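User: Please take a close look at a single part of this model. Set out the context first, then close in.

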Protein chains: 2
Amino acid sequence: MATRAPRAIVFDTFGTVVDWRGSLIAELSAFGAARGIAADWTGLVDAWRAAYHPSLQRVRSGELPWTRLDDLHRASLDRLVAEFHVAGLSEADLRHLNRGWHRLNPWPDSVPGLTRLKRRFLIGPLSNGNVALLANMAKHAGLPWDMVFGSDLFGHYKPDPETYLGVARLLDLEPAEVMMAAAHNGDLAAARACGLMTAFFPRPTEYGPHQARDFKAETDWDVVATDIEDLATRLGA
Amino acid sequence: MATRAPRAIVFDTFGTVVDWRGSLIAELSAFGAARGIAADWTGLVDAWRAAYHPSLQRVRSGELPWTRLDDLHRASLDRLVAEFHVAGLSEADLRHLNRGWHRLNPWPDSVPGLTRLKRRFLIGPLSNGNVALLANMAKHAGLPWDMVFGSDLFGHYKPDPETYLGVARLLDLEPAEVMMAAAHNGDLAAARACGLMTAFFPRPTEYGPHQARDFKAETDWDVVATDIEDLATRLGA
């Protein structure tokens with residue numbers, strides 16, 4: 001239980017607020033069925049997400065200049081459709097599939113929990129997604145953000161400190177007045193190192209049968225909840 | 001009447017969405033009454049706003065480095081409390097009064113009109129206010145923005161093109177897919193020069209008895225409406 005109240009709460013998004021895996025498997029499978037393209041769509045989605053951290057790391061290390069997540073996703077997709085022998089996709093198809101990341105669905109507690117939290121706190125995503133991706137996702141999923149903190153506002157990907165500290169700077173708050181909420185212990189460790197408050201809740205099915213971590217809080221985060229509705233309750237919202 | 005539909009609509013804020021003059025005169029007058037400080041609060045508010053464009057211009061011209069509007073407001077306030085012989089204000093008082101710009105009230109049509117427009121379009125302020133000012137104002141006034149485009153995201157003040165084009169870049173839209181909505185013909189002229197769509201509606205009481213311009217559309221803006229609710233109607237929202 002938090003002993004202090006934050007002024008703003010920012011949320012990791014992929015996995016924490018939206019179910020990227022279930023959403024993309026459903027979308028790509030339906031696309032394949034409608035187009036008569038048989039493929040291991042589930043395998044492709046898992047491989048797509050597996051390419052995420054390595055591609056971010058290429059930007060974080062300076063090997064690549066700043067590149068928006070939409071463009072990193074697209075480069076990975078282009079490689080994976082070849083690896084998974086998905087044939088017959090037009091440029092328009094590839095653009096449509098890549099925008100699947102803009103159409104992810106929320107976990108059941110996300111919209112009701114965020115709606116409660118919004119009454120009392122400034123809320124926003126602090127995600128490695130770019131602003132366009134996050135704004136379109138919010139429209140699709142009904143996420144009631146006050147402000148969208150896309151990584152392109154900072155030119156940095158989490159866990160770079162420029163992201164966590166950038167939220168405090170833009171909101172004119174002290175880092176300790178901002179709470180980072182995530183289903184990933186590593187994200188929270190980086191936020192805490194920058195002085196932010198922290199809230200954890202697990203998303204044990206995020207990676208489906210491949211989930212290997214983040215089943216529980218690994219340290220004494222300021223709040224440990226079961227989901228976003230429970231977070232709202234624990235914060236008195 | 002627009003022949004094309006935008007994907008996103010961004011709004012000038014001071015005067016267009018919120019009644020800065022009425023709000024600040026009410027707030028400062030109430031503050032003065034509660035504290036027993038007699039002063040020409042109305043004159044101070046008008047002088048504060050009169051300092052706005054010259055102070056922006058000092059940043060736009062390069063005379064000052066990038067400075068947030070909150071800090072420009074504060075520098076003007078410090079000067080004006082002396083000019084208006086307002087004595088007895090503490091540092092906390094000055095901070096509180098300066099944050100009055102975060103607590104401006106909407107015109108009556110703003111929240112219902114924006115709520116309708118939000119169902120169909122991405123909406124946000126594109127204001128010379130900084131993100132913290134605009135996010136706090138939205139919380140105070142109930143403005144249902146999808147995203148807050150503060151000038152500190154761009155390090156530029158309108159009418160610099162970096163602001164209008166920055167919205168299109170962050171939303172990954174063509175400039176022609178973004179509509180600028182304002183009660184100020186000059187703002188719309190700059191937006192149109194960048195390729196944005198334009199919508200005008202008048203706010204003839206914005207400057208009270210000192211209003212000297214912007215009583216009507218001065219050219220063929222893409223949409224000319226009577227207020228934000230009428231804009232929603234004209235855009236089919």
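Analyst: What follows goes from the whole assembly to helix 6 of chain A and its surroundings, then to a few backbone details.

The model is predicted; local features need pLDDT of at least 70, side-chain atom pairs count only at pLDDT 80 or more, and totals for chains, interfaces and linings use all residues. Residues are numbered from 1 along each chain as its sequence is written, while chains are lettered from A and ligands numbered from 1 in the order in which they are written.

Confidence comes first. Chain A has a mean pLDDT of 97, and 99% of its residues reach 70 or more. Here pLDDT is the predictor's confidence in each residue, from 0 to 100. For the complex, the predictor gives an ipTM of 0.96 and a pTM of 0.96.

Next, the symmetry. Chain A superposes on chain B by a rotation of 180 degrees with 0.0 Å of shift along the axis, at an RMSD of 0.0 Å. The two copies are thus related as by a two-fold rotation axis. The fit is by least squares on the C-alpha atoms of residues with pLDDT of at least 70 in both copies. Met147(A) is the residue of chain A that comes closest to this axis, its C-alpha lying at 2.5 Å.

The chains touch through 14 residues of chain A and 14 residues of chain B. Contact means that the C-beta atoms of two residues, placed from the backbone, lie within 7 Å. On the chain A side, helix 7 (131–141) and helix 8 (161–171) are the elements that give two or more residues. Helix 7 of chain A has the largest share, five residues. Helices (H or I, at least four residues) and strands (E, at least two) are DSSP runs, numbered from the N terminus. By class, this side of chain A holds 10 nonpolar, no polar and four charged residues. Nonpolar covers Ala, Val, Leu, Ile, Met, Phe, Trp, Tyr, Cys and Pro; charged covers Asp, Glu, Lys and Arg; the others, Gly among them, count as polar. The copies meet through the same surface, because 100% of the interface residues of chain A are also interface residues in chain B.

Within chain A, there is a division into domain 1 (8–19 + 104–234) and domain 2 (20–102). These bounds come from an automatic or database domain assignment. Their C-alpha centres lie 23 Å apart. The contact between them takes 23 residues from domain 1 of chain A and 14 residues from domain 2 of chain A. The domain 1 side has eight nonpolar, 11 polar and four charged residues.

Now the part itself. In helix 6 (residues 110–118) of chain A, the buried residues include Ser110(A), Gly113(A), Leu114(A) and Leu117(A). They sit on the same side of helix 6 of chain A, since they cover an arc of only 95 degrees around the axis. That arc is taken over the directions from the helix axis to the C-beta atoms. A residue is buried if 20 or more other C-beta atoms lie within 10 Å of its own, exposed if 12 or fewer, and partly exposed in between, with C-beta atoms placed from the backbone. The partners of the buried residues of helix 6 of chain A are strand 1 (8–11), strand 2 (122–125) and helix 10 (228–234) of chain A.

Pro106(A) lies in the loop between helix 5 (91–98) and helix 6 of chain A. Pro106(A) counts as buried because 22 other C-beta atoms lie within 10 Å. Leaving aside neighbours within four places in sequence, Pro106(A) touches Val17(A), Val18(A), Val111(A), Ala141(A) and Leu143(A). Phe121(A) is 15 residues away along the chain, and its C-alpha is 20 Å from that of Pro106(A).

Finally, the backbone. Most residues other than glycine have a negative phi, and most peptide bonds are trans. Lys158(A) and Pro159(A) are joined by a cis peptide bond, with omega about 5 degrees. Pro159(A) is in the loop between helix 7 and helix 8 of chain A. A cis peptide bond also joins Lys158(B) and Pro159(B), with omega about 5 degrees. Asp214(A) is not a glycine, yet has a positive phi of about 65 degrees. Asp214(A) lies in the loop between strand 4 (197–200) and strand 5 (223–224) of chain A. Asp214(A) counts as buried, as it has 22 C-beta neighbours inside 10 Å.
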